Amino acid sequence: MAERYDAIIIGGGHNGLVCAAYLARAGRKVLVVERRHVLGGAAVSEEIYRGFKFSVFSYVVSLLRPEIIRDLELPRFGLQIIPLECAFTPLPDGDSLCRWSDAEQTRREIARFSKRDAEIYPVYGQAMMQMGRFAKSVLGMTPPDPASPGPSS
């Protein structure tokens, strides 16, 4: 006899897992399928080279809203948000660029490549903060129903 599910989530990234958790909490029978050997998607840190863990996209988890973390009691299950101290970008010529949590240190790093970019880095930082505030406000909104567009949508 075949298993019956109320919902099948394709993709075990953090968004799919959150969706599955809410559905399961609502009493639905949920199946999550993932093609990789590990769940978590962009939130995964992996040891690609012995002794070095890489987390290419885990900064995206900063979009995991606090209410989701509270609703699903994620710290109870081991969630730890580790602050990003720096982002390291190796370059093809053997050099690298580090973006640090300290804006002045990052500005000095950028200056090695472009004095002009380093000078306007504070303006860039302000623009990113403004965009982040806007994006944060939009994340919590219910999207309009595409089947019934109207003035309120």
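The following paragraphs lead through a predicted model, beginning with its first helix and ending with two cysteines.

Helix 1 covers residues 14-25. Its twelve residues should span 16 Å at 1.5 Å a residue, and the end C-alpha atoms are indeed 16 Å apart, so the expected and computed spans agree. Within this helix, four residues are buried: His 14, Gly 16, Val 18 and Ala 20. The elements that cover the buried residues of helix 1 include strand 1 (7-10), strand 2 (30-33) and helix 2 (66-71). Just beyond the end of helix 1, Gly 27 adopts a positive phi of about 95°.

Val 18 also belongs to the largest nonpolar core, which it forms with Leu 64, Ile 68, Ile 69 and Leu 72, five residues in all. Leaving aside residues up to four places away in sequence, Leu 72 is in contact with Val 18, Ala 21, Tyr 22, Arg 25 and Phe 77.

Aromatic residues come next. The structure contains one aromatic pair. In addition, Lys 29 is placed over the face of Tyr 5, at 5.5 Å from the ring centre.

The cysteines remain to be considered. Zero disulfides are found in a search of the whole structure. Cys 86 takes part in no disulfide, and the nearest cysteine sulfur, which belongs to Cys 98, is 4.6 Å away. Because a disulfide requires sulfur atoms within 2.5 Å, a separation of 4.6 Å does not qualify. Cys 98 is likewise in no disulfide. As for accessibility, Cys 86 counts as partly exposed because its relative accessibility is 28%, whereas Cys 98 is buried, with a relative accessible area of 11%.

Note on methods: Residues numbered from 1 in each chain as written. Predicted model: local features only at pLDDT ≥ 70, side-chain atom pairs only at ≥ 80, totals over all residues. Heavy atoms only, no water. Phe/Tyr/Trp six-rings, centres within 6.5 Å; stacked < 30°, edge-to-face > 60°. Lys NZ or Arg CZ within 6 Å of the ring centre and 35° of its normal. Helix = DSSP H or I, 4+ residues; strand = E, 2+ residues; numbered from the N terminus. Expected span 1.5 Å × (residues − 1). Buried < 20%, exposed > 50% of the residue type's maximum accessible area, 1.4 Å probe, protein only. Contact = heavy atoms within 4.5 Å. Core = buried A, V, L, I, M, F, W, Y, C linked by side-chain atoms within 4.5 Å.
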